[in-house]
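Biologist: Got a minute to go through this one with me? I'd like to hear the reasoning behind the labels as we go.

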Amino acid sequence: MVISTRGVVSGGKGEPVRVTEISVPEPGAGEALVNVQACGVCHTDLHYKMGGIGDDYPYLLGHEAAGVVEQVGEDVTEVKAGDFVILNWRAVCGQCRACQRGKPWYCFATHNAAQKMTLADGTPLSPALGIGAFAEKTLVAAGQCTKVNPAISPATAGLLGCGVMAGLGAAINTGGVTRGDSVAVIGCGGVGDGAIAGARLAGAKTIIAVDVDDRKLQWAKEFGATHTVNSRNGDPVKAIQDLTDGNGADVVVEAIGRPETYKQAFYARDLAGTVVLVGVPTPEMKLELPLLDVFGRGGALKSSWYGDCLPSRDFPMLVDLALQNRLPLEKFVSETIGIDDVEAAFAKMERGEVLRSVVVF
């Protein structure tokens, strides 16, 4: 049986999205049908819309989501109907060389649902990050469903599915931030603020937020920033050094993905410090650094994929911390909207007016 539902579809590069009827097949082997309860409006969805990720239109947008499993296919043991889950876009395979080495967060063979959701006329849809959750129902691989405590609000839980987890994991999992560290975060959108919240959770002593928007810097304080730097008003590298006894930060998280801000992160870290790139660059960007500086400063230059998270490990733990009021997930939600308001939410995002708009079904 094919299920008819509504979803947000991007039909071509730069075109406004539209809400239309889509067809969702019953789950087959290894798949799960999920009733989506909430889905955040993420920059990645905007990249899909604008052609920055590929041209496999039409796209079914949305991926930062939480909901309830309605039905599962054969051979599914991870979840069952009625489970409250956060959707993740890296369903680990358990068999590749990364998984076999005990590092499944690097899984090189993640998977999605085998069956395609379609437009009403049968045109196959490409789900954003293999999820497609700007829809009342979506079909995913069962491994993309992570069961968590249903006491948490779906609007906040879903944010762990992408942006918040990417930033928080960049600080804790990739950067290894620990108690007493100094941390600088360049770029204070949803991902950057996730890194700030993660640094605070890990016990960092000094947390420096860097951005060009005073409104975002004010938000950063709510997540734990101890100092703020508006880089329009001066050199952020010097400012970070001045706030760390002239040394630079132990860990610098670059949450923008541009060569100029990466260089700032590189020179704003202490000797033997760590730079973590979690901002996503575009294909044409190039980075040039003196190789002697790379050698002479020591430390580590890392990239963070999805916050190097393991959803089955990290999502339940972080939900529990949020329910204990130790992780302020609710502060990331600037507004809740309906499915018809996604295009307007993209415009607010581009103007920097929101951290996250969240579609609630």
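Modeller: Sure, and keep in mind that this is a predicted model. Let's begin with helix α8 (residues 259-268), whose buried residues are Pro259, Thr261, Tyr262, Ala265, Phe266 and Ala268.

Biologist: What makes those residues of α8 count as buried?

Modeller: The cut-off is under 20% relative accessible area, so Pro259, Thr261, Tyr262, Ala265, Phe266 and Ala268 each fall under 20%.

Biologist: And what do the buried residues of α8 pack against?

Modeller: They pack against β11, β14, β15 and β16, plus the helices α7 (236-242) and α9 (291-297). Here contact means heavy atoms within 4.5 Å.

Biologist: Why is the unit of β14, α8 and β15 called right-handed?

Modeller: Point the strands away from you and follow the path from β14 over α8 to β15: it runs clockwise, so the β-α-β unit is right-handed.

Biologist: How do you know that β14 and β15 pair?

Modeller: Pairing needs at least two bridges. β14 and β15 (residues 269-277) have 5 bridges, in the parallel sense, so they pair. One of the matches is Glu254 with its bridge partner Leu277 in β15. β14 also runs parallel to β11 (residues 182-186), with 4 bridges joining them, and Val183 stands opposite Val251 in β14.

Biologist: Why is β14 described as largely enclosed?

Modeller: Because 5 of the 6 residues of β14 (residues 249-254) are buried.

Biologist: Where does β14 sit in the sheet as a whole?

Modeller: The order is β13-β12-β11-β14-β15-β16, an open sheet of 6 strands with parallel pairing. β13 (227-230) and β16 (300-303) are at the edges: each has a single partner strand, so one side of each lacks a neighbour in the sheet. On average, neighbouring strands are turned by 15 degrees against each other, direction ignored.

Biologist: What joins β13 to its neighbour β12?

Modeller: 4 bridges, with β12 (residues 206-211) and β13 running parallel. In β13, His227 is the bridge partner of Ile208.

Biologist: Now the helices. Why is α4 called roughly perpendicular to α10?

Modeller: Helix α4 (residues 163-174) and helix α10 (residues 311-323) pack at about 105 degrees, with axes 12 Å apart. The range for that label is 65 to 115 degrees, so α4 is roughly perpendicular to α10.

Biologist: Which residues make the contact?

Modeller: α4 brings Met165, Leu168 and Asn173, while α10 brings Arg313, Asp314, Phe315 and Leu318. By class, that contact has 4 nonpolar, 1 polar and 2 charged residues.

Key: Residues numbered from 1 in each chain as written. Predicted model: local features only at pLDDT ≥ 70, side-chain atom pairs only at ≥ 80, totals over all residues. Heavy atoms only, no water. Helix = DSSP H or I, 4+ residues; strand = E, 2+ residues; numbered from the N terminus. Axes fitted to C-alpha atoms, helices over the stretch in contact; angles between N-to-C directions. Parallel < 35°, antiparallel > 145°, perpendicular 65-115°, else oblique. Nonpolar A, V, L, I, M, F, W, Y, C, P; charged D, E, K, R; others polar. Buried < 20%, exposed > 50% of the residue type's maximum accessible area, 1.4 Å probe, protein only.
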